[in-house]
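Colleague: Please take a close look at one helix of this model and the charged pairs along it. Then set that helix against the rest of the chain, as one connected account.

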Amino acid sequence: MTTVAVSFCVVLALGVVGYCEGSGTIGCTTLYAESGPSYKWAVRNPALVAPYLLDYEVKKYRNPLMAILLDHAIRITAPADMTANFNLTDPTNKSGGSPEKYVLQSIEFRKPAVVPEGSSQTLSHVLEVVLIHKEITGTGYFANVIVPYEVGAEPGVNILAPLLDQSTLPQRVGQETPVARAGVMPLNIAGAFENASFQHFWTSVPTSCNNSNTGARIFMRNASLVASKESVNAVLDALQWAPNEAPVAPPAATFTVPSCARGSTCSLPKPADLAKELTTANKTQADALKKLQDAKKAMDASLLALGKQDDSVTNAVYDTAVKNRDDLRNAQAALDIADKQVSELQEEITNSKSATFDSNAPPKASNVKSLSAAPAAAASSSPAPAAKPAVSAKPALLSTGSMVQGCESQGLASPSRVDLARDAEHVDANTAGASEALLFWRLSATPLTPSASAVAEATAESPQLRVANLGDRLRVTAMPEGKPLLVLFVHGQEFPVSFADISTPAEHATDGKKTPAEIQLVHLPKLESSRPLALAVQLDESMSDDKDDRNPWLQQLLGALPQPGELAQVSGSDPMSLHKAFHRGVAGHYFRYTGTLSRDAPCAAIKWHVLEERGKVSRQQLAALQQVLRPPGSSQTFADPSALQASVLASSQQQRFTGLEQPSLIQRAVGDVAPVTKVVRQPFASAKSGLKTARQPVASEKPSLKSLLLSLPRMQAANAELAH
């Protein structure tokens, strides 16, 4: 009887909810850790070198292994007869001492984080292998060694090839398959450590014990390894339904830890003298500034010469002006590079002065004690059965109005309860100052120079759009997942738009009246340190259905409007065509208040901005929306399908996700229903099929405000005379 009960609990853990009565100590007897968040690759600070070597011992392994597909990764648990461990050793400690000792517990293969468009990882790679180690001297720590892989024609240390030899990876979440069955090529993970260095910092990772976290060292390898295209594609194909994640920023200060094979003689590298490098960089910056000033004077002279209305404007004068223009551009580019180098060195020096290795390490062993000691009643002379890692539970498909209860006590109101004339602050940037204006961009400009950002903005392509009908609204997100629809610029900070919600009628009211439709653009931050923000555009109905009276952005969606509970994919149009203010690039008149979202964390505070200038929707467009949407706040609506990953189904098991039906007894018992799958009006692009939907280039137009702003030369205090 006991065996049956435990087995049923494990099935639930793998399939739906990860918990059942009597399972409070599952995964606590033998603690397992996960790979944790996906990070933006840490940048090496040459002045920060850890006082330890990663002293490793890894032997080749030839026996078969078992791989299980989780919702986020493929995991292989290291068997007891595998030799794979490392110590953190102080080479200057002649007395020996007792180093921290880490033993390999499991290997996880996962997709790298998806970085925002216009930016890139410091280290290019298409796959991450995470070697999860457990400390065995009683500290309670874990250590995750993250190894990036890229595709190459001549694979080097390929951990993937031996695993795939005459083997097939699991294709469904919870499925286990044998790998490395042939035994011809040994599994050799020593290459992940050989001649390598790692960036080290602390984090916390999920464990197998009651959804708890534990302290873990992160070691990010400073160079990618190479695997064959076939091996990488096989892994990514198995992970095709794993959710895409935005990268988590690592700490500003990370320490370099070099590796050393056990038994070898190794020494620690010396930290770099950044003060000396900064002196050289400052001189280079000053020289670049002088060249920019000279180039500006030459360009001014050429402009004066070209402005004369006489015969002195010859081809030679024109050619000189072109040369001076190119010299000015090159001088600006050289100064950009010099500025960046000085800024990076100053930041590295600041971080190195304030950083101390292991200063933020969690207390030893205390994190283990908090991970649930089994109740005395659970003690037994029989060994506890091994527990498989749980799959994260999925949110319920049906949501109700109860989500918003309790928010009023915090003084927060959802948009449907806000009257802008009564409850919101009216902002006029003409009187409040230019800093209060809202700017609208197609792409993020953060990682780019002004000139590069202007070019990227002008050549941006319209994104592919995923449209989900949630019953009382259409939710529009850009594809691939994680790409913003557009970017809002508020008070000097960029806010990429996570999704747009379209509802009819509007949620916001003005003097008790609501417009026929409303579009809400919402930024939901990936990090707790960021703040959410939303912008609402109210739409008035046009009196005709002429082309000029239509909303161009909405028109692109009408060809594939999904029914409630369905998904569709369409080729998007230029997001700047959604509203006149977007096309101009700026809005200076709007309402502002702090409220909540109607759904998606409805009790979390969010800063709302509602444009005073209304947009338009044609009579035909409005009728099409009203045909597929219920009014906002309807009693039965759908939860966001983006949270209902299809990863728990094999691709061959895809099906239409259910309509507005009451959940069954089983669904009510486990708090969830079958995962959502995609109903596609147009073909989805997939890694398997290679299908692609043509993307529409942005229509040519006059330079936007953003392009003009970003094209202006960067004036510095030291060269203020250039401003005129």
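**Helix α4 and its surroundings**

Modeller: D287 is partly exposed, because its relative accessibility is 37%, which falls between the limits of 20% for buried and 50% for exposed. The model is a predicted one. D287 forms a salt bridge with K283, and the closest N and O atoms of the pair are 3.3 Å apart. Both residues belong to helix α4 and sit four residues apart, about one turn of the helix. K283 has a relative accessibility of 56% and therefore counts as exposed.

Helix α4 carries another pair with this spacing. K296 and D300 also lie in α4, four residues apart, about one turn of the helix. Their closest N and O atoms are 3.0 Å apart, and the two form a salt bridge. K296 is buried, because its relative accessible area is 18%, under the limit of 20%. Its partner D300 reaches 29% and so counts as partly exposed. Side chains of opposite charge can pair when their charged atoms come close.

The helix spans residues 274-306, and a loop connects α4 to α5 (315-354); V313 is in this loop. V313 joins L303, L306 and Y318 in a nonpolar surface patch with about 350 Å² of accessible area together. V313 itself has 32% relative accessibility and counts as partly exposed.

Salt bridges elsewhere give some context. The structure holds 22 of them. One joins R584 to E613, with the closest N and O atoms 2.9 Å apart. This pair links distant parts of the chain: R584 is in helix α11 (residues 580-584), while E613 is in the loop between β26 (606-611) and β27 (615-617), 29 residues away. R584 is partly exposed, with a relative accessible area of 40%, and E613 is also partly exposed at 32%. A network of salt bridges links D472, R473, R475, D501 and E507.

R475 of that network lies within the span of strand β17 (residues 474-479), which pairs antiparallel with β16 over six bridges. The hairpin of β16 and β17 has four residues between the strands, and G471 there takes a positive phi near 100 degrees. Strand β16 (residues 464-469) is largely enclosed by the rest of the structure, because six of its six residues are buried. Its two faces are both covered, with Q464, R466 and A468 buried on one side and L465, V467 and N469 on the other. Strand β23 (residues 567-571) also runs antiparallel to β16, joined to it by five bridges. L465 has A478 as its bridge partner in β17 and V570 in β23.

An open sheet of four strands has the order β19-β18-β15-β24, with antiparallel pairing. Its edge strands, β19 (493-496) and β24 (586-587), each pair on one side only. Strand β15 (residues 438-441) is joined to β24 by two bridges, and L439 has V586 as its bridge partner there.

Another enclosed strand is β5 (residues 100-110): nine of its eleven residues are buried, so the rest of the structure largely encloses it. Strand β3 (residues 74-77) runs antiparallel to β5, with four bridges between them, and I74 stands opposite F109. Strand β4 (residues 84-89) is likewise antiparallel to β5 over four bridges, with N85 opposite V103. Eight bridges connect β5 to the antiparallel strand β6 (residues 127-135), where E135 stands opposite Y102.

I74 and F109 reappear in the largest nonpolar core, which has 56 residues; I74, F86, F109, L131, L163, F193 and F219 have the most contacts inside it. Leaving out residues up to four places away in sequence, L163 touches L65, I76, F109, V179, A180 and L187. A second, separate core of 43 residues includes L465 from β16, along with F440, L521 and L561.

Over the whole protein there are 14 helices and 28 strands, and 45% of the 724 residues are buried. Among contacts between residues at least 6 apart in sequence, 76% join residues at least 24 apart. The protein exposes about 34800 Å², of which carbon and sulfur atoms supply 54%.

Technical notes. Residues numbered from 1 in each chain as written. Predicted model: local features only at pLDDT ≥ 70, side-chain atom pairs only at ≥ 80, totals over all residues. Heavy atoms only, no water. Buried < 20%, exposed > 50% of the residue type's maximum accessible area, 1.4 Å probe, protein only. Contact = heavy atoms within 4.5 Å. Areas by Shrake-Rupley, 256 points an atom, 1.4 Å probe, with all protein chains shown as cover. Pairing = 2+ DSSP bridges. Patch = residues over 30% accessible without salt bridge, like charges linked within 9 Å, V, L, I, M, F, W, Y side chains within 5 Å. Salt bridge = Lys/Arg side-chain N within 4 Å of Asp/Glu carboxyl O. Core = buried A, V, L, I, M, F, W, Y, C linked by side-chain atoms within 4.5 Å.
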